[in-house]
Amino acid sequence: MASSEVTTGLPMSCECGNIRFRTPTSEPAGMAYCHCTACRKQSGSAFGTSVYFSSEGLFPLPEELEAKLAMFTHPTDSGNTMRCYFCPKCGVRIFHAIVLPDGSLRSTVAFKGGVIDEGIDWKAMKPRNIFTRSAVMDIPNGWECSKLQAP
Ligand SMILES: [Zn+2]
Ligand SMILES: [Zn+2]
């Protein structure tokens, strides 16, 4: 039975339910509120929420999942290529993976926080605020700020 083969990772789904799978691991490597212009566009909001996981074991994507997901790429300011995976039915971004200039994948992928259904203690995550130079909101006191790239 299929349910016995996937026991790790956190359950996630898009808004319409077309895309459902599990994050690569159950333990996020970190979380960020990203204020870059791309994340503002992508989220249709003031900032994007990324929860990072090790990409180990995620690729190649299972055939059935890959057939359901849509993907586009865009270059990043730092010279990498971002592969952006989303649900073609409801348009929700699921995760992105970074391809480095040498063609290798960054060791972490960023899932959009809102697609993760359970298993995260949100209040304990202590997200970093990144790319705050382009923030369109005041960053509350005590929030960690960084202009550095996500992990
Ligand atoms: Zn969907
Ligand atoms: Zn961003």
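In the predicted model, Cys 16 is partly exposed, with a relative accessible area of 42%. Cys 14, by contrast, is buried, its relative accessible area being 6%, which places Cys 14 under the 20% limit for burial. Both residues serve as ligands of a metal: the zinc ion (ligand 1) is coordinated through the SG atoms of Cys 14, Cys 16, Cys 87 and Cys 90, at distances of 2.3 to 2.4 Å. The angles among these four donor atoms run from 106 to 114°, and the site is tetrahedral. For reference, the ideal angle for four tetrahedral donors is 109.5 degrees. Along the sequence, the donor residues of the zinc ion (ligand 1) show the spacing C-x1-C-x70-C-x2-C.

A further metal site is formed around the zinc ion (ligand 2), with Cys 34, Cys 36 and Cys 39 each contributing an SG atom at 2.1 to 2.3 Å. The donors of the zinc ion (ligand 2) are arranged along the chain with the spacing C-x1-C-x2-C. Of these residues, Cys 34 and Cys 36 are both buried. Water is not among the atoms, so a site such as this may look incomplete.

As regards annotation, an unreviewed UniProt entry assigns the feature "domain: CENP-V/GFA" to residues 7–123. In the model, 38% of the span 7–123 is strand and 11% is helix. The C-alpha atoms at the two ends of residues 7–123 are 25 Å apart.

Conventions
Residues are numbered from 1 along each chain as its sequence is written. Chains are lettered from A and ligands numbered from 1 in the order in which they are written. This is a predicted model: local features need pLDDT of at least 70, side-chain atom pairs count only at pLDDT 80 or more; totals for chains, interfaces and linings use all residues. Side-chain values use heavy atoms; hydrogens and water are left out. Donors are N, O and S atoms within 2.8 Å of the metal (3.2 Å for Na, K and Ca); water is not among the atoms, so sites may look incomplete. Buried means under 20% relative accessible area, exposed over 50%, partly exposed in between (1.4 Å probe, protein chains only). Four donors count as tetrahedral if all angles lie between 85 and 135 degrees; four count as square planar and six as octahedral if opposite donors are over 155 degrees apart and all others between 65 and 115; anything else is irregular. UniProt positions are given in the numbering used here, feature names are shortened, and annotations may be inferred rather than shown by experiment. Helices (H or I, at least four residues) and strands (E, at least two) are DSSP runs, numbered from the N terminus.
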